[in-house]
Amino acid sequence: MTMKLISVPSAPFSGQKPGTSGLRKKVTVFRQPRYLENFVQAIFDTLSGQQGKTLVLGGDGRFYNDVAIQTILRMAAAAGFGRVLVGRDGILSTPAASAVIRKWQAFGGIILSASHNPGGPDGDFGIKYNLSNGGPANEGFTDAVYQRTQEISAYHTVDAADIDLGRIGELHIGEMLVTIIDPVADYAELLESLFDFERIAALLARPDFRMRFDAMHAVNGPYAHEILERRLGAPAGTVVNGTPLPDFGGGHPDPNPVYAAELVAALADSRSGLSFGAASDGDGDRNMIVGRDFVVSPSDSLAVIAANYALIPGYASGLAGVARSMPTSCAVDRVARELGIPCYETPTGWKYFGSLLDAGKATICGEESAGTGSSHVREKDGLWAVLYWLNILAVRDTPADVIVREHWQRFGRNVYSRHDYEGIDTAAGDRLMNDLRARLPQLVGTLCNELRVAAADDFAYTDPVDGSLSERQGVRILLEDGSRVVFRLSGTGTEGATLRVYLERYVADASQHEVPTQEALAPLIGLAETVAQIAANTGRKGPDVIS
Ligand code: G16
């Protein structure tokens, strides 16, 4: 059935520049006529060879997901795609979308999400394009999309009504086939192939082991119900906040000690009887791991995951290498050294891991921003991290907090914290970073807050596979005792600027491992203030979020 093609005249919007992970803006911005359409058209114009090919489409179910999916389906038909695989009700978690792209060898995928940012009519929305490897498009591609948005004069669609995405099956929009898939099945099957489900099921059945998974009313609810409760047999009620809501129940679906405070409190209360807790974010790619009265920092989680690879069926044959983003703590570097495998340091953003994973240089990757994942997909993967931990717990029969403490005893502790100053004035944020950059050469060799600066630079990265260069990826101040302070502006916010200050100090002496984190980092916190004049530049007395 041929359909009438429609070209709608349009004109550029300013600011359609993808950030750390796609284009993220307020819903009110996305709802402007032609805003979404322009960006989608720019993606399709940047592609070549999509005629007759398969596109994967889905999102985290946040407000506007349903409207955007219908718009994109019509535009995909006009762009000549042969088939779209779309999750039922327009739902696909970010790691599940990556798994589907890879399994069905799709041409690429569009994921609708603003990740951990709040949703609802006044919340955030987002869109990003993933390549045929299942991973976020690289900077070259996103830069080209941005260029295209700045010269666009029309978008193309077809004259077709909305279709019912509520039932698994096949439909047509013109000549394009739309296959509505179970959003969970392919992903669950992949995870089942990596972990020892029998052993994890036995752990979950033990009366002395109780787990809680907080889905934060976000996309992972149905995934966690299926995998943890149905396939692994965890008691009903293990998954809480498991119904995805367009506004995440008014919450902030970011699994950190501030926004998942209830989970942390439950694990800290011995009366709850809980031994293990976990949570994931809006689109299911971030994770938080909680032991009894113990939040595992994402950097430590990455190091523990790497160190215990031999216990996990999917990884027992060995790791090719590991990778972490630059601001992530160096705990995993120590593990890599002991394992005799390479450790790569990339800029912030999962897209930088893609080429290392594709080239077989790294098997496991992770970031301080609560992301861990592996070569099984090309996104970070929240439930993957939870199952990896459950598999470790099942084999070692040791509580999560003890596992981390034993890890510190073996490798030393990289004491680590991130301080966020959210929603500061954009100009003030830029000024702070520019002043800092200008002063870097003079800082080297000086004594700052009684700590001597060994090196100071603005991180630049040359991809070891394709040789591409990414500059200005964060200011690093490296101290003689091996500590460091990193400054970066977030690339995922939608209001003003967010300054992130990352603080790290290595403590080998086990008798010092229990010193509270902020106390252990106090000299570095003071140094950060002195060097960057945070209070003077931002007008803030302290950070909004400490994680
Ligand atoms: C995104 C990227 C991550 C990155 C994070 C950093 O996460 O996918 O790789 O670490 O942003 O964010 P920022 O630039 O704010 O520090 P997500 O979960 O938002 O897609």
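**Note on the ligand site and the strands**

1. In this predicted model, an oxygen atom of the ligand is found 2.5 Å from an N or O atom in the side chain of Thr 492. Of the accessible area of 470 Å² that the ligand has on its own, the protein covers 99%.

2. Two further contacts can be followed by eye: a polar atom in the side chain of Arg 286 lies 2.7 Å from an oxygen atom of the ligand, and a polar backbone atom of Trp 350 is 2.7 Å from an oxygen atom of the ligand.

3. As for the wider surroundings, the ligand sits in the largest cavity, and 19 residues surround the ligand, the closest being Glu 367, Ser 490, Gly 491, Thr 492 and Arg 500. When the residues of this shell are sorted by character, 1 is nonpolar, 10 are polar and 8 are charged.

4. Turning to the strands, there is an open sheet of 5 strands in the order β11-β10-β12-β13-β14, and its pairing is mixed. Its edge strands, β11 (239-240) and β14 (294-296), each pair on one side only.

5. Within that sheet, β13 (residues 287-291) pairs with β14 in the antiparallel sense over 3 bridges, and Ile 289 stands opposite Val 296 in β14.

6. A hairpin is formed by β8 and β9, with 2 residues between the strands, and in this hairpin Gly 174 takes a positive phi near 60°. Strand β8 (residues 169-173) and strand β9 (residues 176-181) run antiparallel and are joined by 5 bridges, and Leu 171 has Val 178 in β9 as its bridge partner.

Terms used
Residues are numbered from 1 along each chain as its sequence is written. This is a predicted model: local features need pLDDT of at least 70, side-chain atom pairs count only at pLDDT 80 or more; totals for chains, interfaces and linings use all residues. Side-chain values use heavy atoms; hydrogens and water are left out. Two strands pair if DSSP finds at least two bridges between them. Helices (H or I, at least four residues) and strands (E, at least two) are DSSP runs, numbered from the N terminus. A residue is near a molecule or strand if one of its heavy atoms lies within 4 Å of it. A polar contact is a pair of N or O atoms within 3.5 Å; within protein, one must be able to donate a hydrogen and the other to accept it, and residues adjacent in sequence count only if both atoms are side-chain atoms. Accessible areas come from the Shrake-Rupley method with a 1.4 Å probe; for residues, only the protein chains shown count as cover. On a 1 Å grid over the protein atoms alone, a cavity is a set of points where a 1.4 Å probe fits but cannot get out, and a pocket is an open set with protein on both sides within 12 Å along at least five of seven lines; lining residues have an atom within 4 Å of a point. A molecule sits in a cavity or pocket if more than half of its atoms lie within 2 Å of its grid points. Ala, Val, Leu, Ile, Met, Phe, Trp, Tyr, Cys and Pro count as nonpolar, Asp, Glu, Lys and Arg as charged, and the others, Gly among them, as polar.
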